[in-house]
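Student: I am new to this structure. Please take one part of it, look at it closely, and then work outwards to the rest of the chain.

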Amino acid sequence: MSRHLAEDLPDATGTKALRVWLESSGYARRLLLGEGGDPWAEGAAKYLSFFTQARGLLRSDVAVVNVGDLFRSWLNRHPELAAEMGSKKRLPYPLRRMLEEQGPRALLDEVAEAVGAHLQGQVPLVLALPAPGAWLAEAQIAAGRDVEVDEDAVEDAAMYIADFIRCVAQRPVGGLLIEEGDTPGPADRYAPLLNAARHYRWAGVGRGVTPDGAARFDAVIGGGDAPQGRDVSAALFAGDGLPGTGPAQFLYAQVPVNHPPEAVLDAVARLQGVPA
């Protein structure tokens, strides 16, 4: 059973399910596995155990599996892949070679199946991944190359990611979270990825995208009043006042990795008590 994120995104009626989106994977990893702990290192069953414990710590209206973390783990444990990623000169090749690797594809497929069965459609399962340009730059660094990204390479990267997500096309995924780096990329070049997501009936949510690119997504997460998802992370964990939301908005917060557990629980309770 799957639940589509698009059906939960707030609208003018104010009746939709998504009110609070918490990103707490780094915090949960430190708390449950210790410094340097890796939930991806021992297969799908171990990941599911981590995932269920993490959901027990902090509830969110969406359940997120971080695909970027999967590949960081894989590269850390398979340095030979990083060497292969640097073997050809084309700008997009490091990302292309990384995403072609069959091991991470198989692991993500197993994890998506297991997590979906655990959730039983109670909340949408969302895959979080870096935006095409950000992931391309990260892959180039992992391959030991200087970062060089242009718009054509970003579009190529979007095509490679679109091909990659086919590995979970039959699993109960409800949406994609596409996260920009420090410098947002050209969202008009993300069409291959966003079109693939819509083909699977997955909502595409952008985090940190430019105002010009926002219309290409089903929802965006960012600072200020305009985004549908209002990022209140800094104010929440500094103890500052929180904004209310309009009927078509939700609140997003990323839990700091090293924040004290008692303070995290207090902050999340405060967040979930913000009136709609």
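Tutor: Just after helix α8, G144 takes a positive phi of about 80°. This value, like the others below, comes from a predicted model. The helix before that glycine, α8, spans residues 132-142. Its buried residues are P132, G133, W135, L136, A137, A139 and Q140.

One of these, W135, leads on to the interior. The largest nonpolar core has 62 residues, and W135 is among those with the most contacts inside it, together with V65, L95, L99, L108, I165 and L176. Helix α9 gives this core its largest share, eight residues. L108 can serve as an example of how such a residue is surrounded. Leaving aside residues up to four places away in sequence, L108 touches V65, V67, L70, L127, F164, C167 and V168.

F164, one of those neighbours of L108, also belongs to an aromatic pair. Nine such pairs turn up in a search of the whole structure. The ring centres of F71 and F164 are 5.4 Å apart and the planes stand at 65°; the cut-off for edge-to-face is over 60 degrees, so this pair is edge-to-face. F71 sits in helix α4 (residues 67-77) and F164 in helix α9 (residues 151-164), so that the pair links distant parts of the chain, 93 residues apart. Both F71 and F164 are buried. Elsewhere, ring pairs join W40, Y47, F50 and F51 into a cluster.

The strands come next. Eight of them form an open sheet with parallel pairing, in the order β1-β8-β7-β6-β5-β4-β3-β2. At the edges are β1 (20-23) and β2 (63-66), each of which pairs on one side only. On average, neighbouring strands of the sheet are turned by 25° against each other, with direction ignored.

Within this sheet, strand β3 (residues 125-130) pairs with strand β4 (residues 175-179) over five bridges, in the parallel sense. There, A128 has L177 of β4 as its bridge partner. Further along the order, strand β5 (residues 203-207) pairs with β6 through three bridges, again parallel, and G206 stands opposite V220 of β6. On β6's other pairing, two bridges join this strand to the parallel strand β7 (residues 229-231), with I221 opposite G229.

Which way do the residues of β6 point? In this strand, residues 219-222, A219 and I221 point one way while V220 and G222 point the other way, and all of them are buried.

Finally, the chain as a whole. It has twelve helices and eight strands. Its radius of gyration is 18 Å, close to the 19 Å from the globule rule for 276 residues, so the chain is as compact as a globular protein of that length. Along the principal axes, the C-alpha atoms fill a box of roughly 55 × 40 × 35 Å. Of the 276 residues, 52% are buried. Among contacts between residues at least 6 apart in sequence, 70% join residues at least 24 apart. The pair of F71 and F164, 93 residues apart, is one link across such a distance in sequence.

Notes
Residues numbered from 1 in each chain as written. Predicted model: local features only at pLDDT ≥ 70, side-chain atom pairs only at ≥ 80, totals over all residues. Heavy atoms only, no water. Buried < 20%, exposed > 50% of the residue type's maximum accessible area, 1.4 Å probe, protein only. Helix = DSSP H or I, 4+ residues; strand = E, 2+ residues; numbered from the N terminus. Pairing = 2+ DSSP bridges. Phe/Tyr/Trp six-rings, centres within 6.5 Å; stacked < 30°, edge-to-face > 60°. Core = buried A, V, L, I, M, F, W, Y, C linked by side-chain atoms within 4.5 Å. Contact = heavy atoms within 4.5 Å. Axes fitted to C-alpha atoms, helices over the stretch in contact; angles between N-to-C directions. Rg over C-alpha atoms; globule rule 2.2 N^0.38 Å.
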